[in-house]
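Please show the model, so that a few questions can be put to it.

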Amino acid sequence: MTGPDDNIPGAPLPRPPEGFAATARRDLRLGVVAGLQTFWDLSKVMIPAYGVTLALERLGVIGSLASVARPLMEALGLPGDAAVPLVVGYVLNIYAAVGSMQALDLTGQQVTVLAIAILIGHNLVVEGAVLHKAGMNGFAFGALRIVAGLAAAVVANLLMGLVG
Amino acid sequence: MTEFLREFASGSFELLLRVFLIVVPIMVALELFEGTRAFRAVVRAWARLVRHVGLDERSAAPTLIGFLFGLAYGGGVIVRDVRRHDLGRRQVFTMSVFLSMVHAIVEDSLIFIALGASIVWVVVYRIVWAALVTLALTALAGIVLRRWRLRGERRGD
């Protein structure tokens, strides 16, 4: 039913066998192989990236980046402290960002504006590694997500001010 | 240092477990249902939507997975499809831009909606923004590529 070479990446798929059970069995096998392959691909880049992320956090990079980002917060109609969840989101992930947002006292509009910036730019190291695996430049995409996320938040804040 | 290593080990384990528990079922489901009429209908409907940001039918499935489940999982399917059939670099670029702006639409959005963020802004506005950024960047990339090619022709290489 299977040739010896159908695990080779890029090899053409074998001809579909006849009958429902045989097809299902073949698809199941292909799915498990593809799943394990993808799991391996993702693990190879995600685990080192996760290590880098943890190290950045330990080295206090989040604190210093947040103090750089503080003045920017005014353009978003946010208090300076909102830089902390933003940078936590960039370096770590959405859950960590939400955790540090709990400490702030924000209005509904401020929560939405900050949410937009974090939803577009977060987990940049690990997700950048995945994009790198897909053949893209992880650093460029990280920069893009920070800039485009902040721009989206600024525009949203202005529009919400107009709508009321 | 030992504390760091312990956190790294347990965090890595959690991350791997989560990726495993999501990736393997997604891939099995994809293989099982990819050929079915219902799945193709969903992908075709999605393809009609994402055509407007310059994504073709073959890019529709990985984009849909990323849009629903997350960038890492969509990225995984992209890697698989790049390996299987030649997805053009332009398509991968377009997918990456779109997915880096909006992914895991349900899970990620819900977290912030629970915090009190407005659903319209977090979901609708973000999708519109993602489409605009994708169109702008692919247009820009197209112009840059054309310039390069023109310069190459003028130099005669």
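The turns below cover the fold of one chain, the contact between chains, and the nonpolar core.

This is a predicted model, in which local features need pLDDT of at least 70, side-chain atom pairs count only at pLDDT 80 or more, and totals for chains, interfaces and linings use all residues. Residues are numbered from 1 along each chain as its sequence is written, with chains lettered from A and ligands numbered from 1 in the order in which they are written.

Student: What pattern does chain A follow along the sequence?
Tutor: Helices (H or I, at least four residues) and strands (E, at least two) are DSSP runs, numbered from the N terminus. Chain A has seven helices and zero strands. Read along the sequence, the pattern is α-α-α-α-α-α-α.

Student: Which helix of chain B gives the most to the side that touches chain A?
Tutor: Contact is taken as C-beta atoms, placed from the backbone, within 7 Å. By that criterion 45 residues of chain B meet 45 residues of chain A. Helices 1, 4, 5, 6 and 7 of chain B each supply at least two residues of this side. With 16 residues, the one that gives the most is helix 1.

Student: Which residues outside its neighbours within four places in sequence is A:Met46 in contact with?
Tutor: A:Met46 is among the residues touching the most other members of the largest nonpolar core, which has 86 residues. Such a core is a set of buried Ala, Val, Leu, Ile, Met, Phe, Trp, Tyr and Cys residues joined through C-beta atoms within 7 Å, buried meaning 20 or more other C-beta atoms within 10 Å of the residue's own. The contacts of A:Met46 are A:Val126, A:Ala129, A:Val130, B:Leu15, B:Val19 and B:Ala72.

Conventions:
Contact = placed C-beta atoms within 7 Å. Buried ≥ 20, exposed ≤ 12 C-beta atoms within 10 Å, placed from the backbone.
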